[in-house]
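Me: I am new to this structure and would like a close look at a single part of it. Please take me through that part in one connected answer.

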Amino acid sequence: VAEKETLGFQAEVKQLLQLMIHSLYSNKEIFLRELISNASDAADKLRFEAINNDALYGNDHELRIKVAFDKDARTITISDNGIGMSRDEVISHLGTIAKSGTKEFFSKLSGDQQQDAALIGQFGVGFYSAFIVAEKVIVNTRRAGAFASEGVRWESTGEGDYSLESIEKTGRGTDVILHLRDGEEELLSSWKLKSIIRKYSDHISLPIVMQKEEWDEEAKQTVVKDELETVNQASALWARSKSDVTQEQYNEFYKHVSHDFQDPLAYTHNRVEGRSEYTQLLYVPAHAPFDLWDRSKRAGIKLYVKRVFIMDDAEQLMPTYLRFIKGVIDSSDLPLNVSREILQESRDVKVIREGSTKRVLGMLEEMANAEEQEGKDKYATFWKEFGQVLKEGIGEDATNKDRIAKLLRFASTANDSDEQTVSFGDYVGRMKEGQDKIYYVTADSYTAAKNSPHLEIFRKKGVEVLLMTDRVDEWMLSFLNDFDGKELVSVAKGGLDLGALEDELEKKEHEEVEAGYKELVDKMKGALGDKAKDVRVTFRLTDSPACLVADENELSGNLLRMLKAAGQ
Ligand code: ADP
Ligand code: MG
């Protein structure tokens, strides 16, 4: 048996612990939700590994989570008979934060407690939240399949370090023992713990059991019975009927599957029957994760087959441009031993992905079309967080392109703000008489777009122009030629044809002026030589003397700059 050794926490863990204890105190009950959530994940993992290795169960087939307390010792213990952890796993899971983007996240913290508390919430708190109420945490764990002598004890006061030692542990799984801080005595009550479990963890599909307590009339006090009772509903939430699930339960379930700390913006829950049978419970988060831009990052969908957890991050179930969606898909048709490779080719999966995509778009449309302010605000939040990713869908999902186009929002010359709130529909509704095109300008920034000399003629004529300044816009526009039968036209490209907006008289005048400048233009062409493809007299400018335009069929200046920056 190895000696007890002491190891230091990763720097970010130390910071997280410090912040959490101080800033999340008003929300301290969530520690139990987080620990139960981990216990439930551990059971899911065991079930999955056991599909191909039934021996992992040993003689203990009934997965459950047990919550107990000891008034004298001032402890609360959360036990599971899930997958457990090996020594190496303990070190990497309970000594570091494995989330991508952790370093960047911590570099953003300001030191202002209020501000940072909100950020920490976004980051997700997990296991370390135990230290909100505990001055010391002990974890006894044994990996499924390991010998009793291969147990590991992790112990820490949540300051700079933790200790590890080998122990004998009779059953597999994990016990988390919290030694409560002074002042947390109210948690040492059956009633209190049950009410916290029902509030935050009712959706957990495993039974959460506690020792039964009963009022003894003779002794005039509650006595602890030698019997366990199940505190939660212990059925998969997504398998319940919608009318049996409250908003709070949906929200708490979201936090469990997403490891998020905030409520979601919206969800959709459906049971689909027919060619393929499955249940989907999908959520739109209220904020973007740190690694939203990592397209290789796997999506947030948990795949279950007939209630058995199969895998996290099943990226085949959602198109890449909806990678921010979180939730559960439970299929009745897929085999239990389905692998990522099989998912890739499966027809069932294709059907599920198409169905889920339609559901998500429907959910977004509902938010986008909301009449009341709350709904409008939600869509604005959604757009701020995920709008740029949704734009990828224009190029990625030809089938749903029209639906996605309706969901897009832009800044526009109609508003004096860089906020992206104008839809193509809004634009079309405001088009001037005789206008048959949708005009836009692309630029690196809102300021550059707003001050583009190309806009001058449009301002003069009172024609609205959409201001496109996201990196993905040019790429997206290469897949989007029109909306609602109206051509999308860059104000910076080619000989701008204003169509009916330009009257006959103006046209004639322009031709005369052009003829008058022919000599000058020829001289300039000669002087510029190969540097310019053409020199033209223009009427689009009202203040600026000259501007550069791209050829109709050429990449625009902005896209060229982007490609250059990307080294192409
Ligand atoms: P998250 O649940 O978001 O991954 P946590 O901080 O809650 O983050 O947990 C960190 C990791 O520790 C988990 O991903 C898991 O690998 C491990 N872990 C925590 N609790 C348990 C447990 N009860 N059984 C097995 N592994 C656990
Ligand atoms: Mg967790």
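With its C-beta neighbours inside 10 Å counted, is Asp484 buried or exposed?

Reply: This is a predicted model. In it, Asp484 counts as exposed, because 12 C-beta neighbours lie inside 10 Å and a residue with 12 or fewer falls in that class. As for its place in the chain, Asp484 is found in a loop. Strand 18 (482–483) lies on one side of that loop and strand 19 (486–490) on the other. The backbone at Asp484 has a positive phi, near 55°, in a residue other than glycine.

Lys306 can be set beside Asp484. Lys306 is not a glycine, yet its phi is positive, at about 45°. The loop that holds Lys306 connects strand 12 (300–305) with strand 13 (308–311). Lys306 is partly exposed, because 13 other C-beta atoms lie within 10 Å, and the exposed class ends at 12.

For the wider setting, there is also the shell around ligand 1. The residues around the ligand number 16, and those that come nearest are Asn38, Ala42, His93, Gly126 and Phe127. Two helices, helix 2 (30–50) and helix 3 (87–94), each supply at least two residues of this shell. Helix 2 gives the most, with four residues. By type, the shell around ligand 1 has eight polar, six nonpolar and two charged residues.

Notes:
Residues are numbered from 1 along each chain as its sequence is written. Chains are lettered from A and ligands numbered from 1 in the order in which they are written. This is a predicted model: local features need pLDDT of at least 70, side-chain atom pairs count only at pLDDT 80 or more; totals for chains, interfaces and linings use all residues. A residue is near a molecule or strand if its C-beta atom, placed from the backbone, lies within 6 Å of it. Ala, Val, Leu, Ile, Met, Phe, Trp, Tyr, Cys and Pro count as nonpolar, Asp, Glu, Lys and Arg as charged, and the others, Gly among them, as polar. A residue is buried if 20 or more other C-beta atoms lie within 10 Å of its own, exposed if 12 or fewer, and partly exposed in between; C-beta atoms are placed from the backbone.
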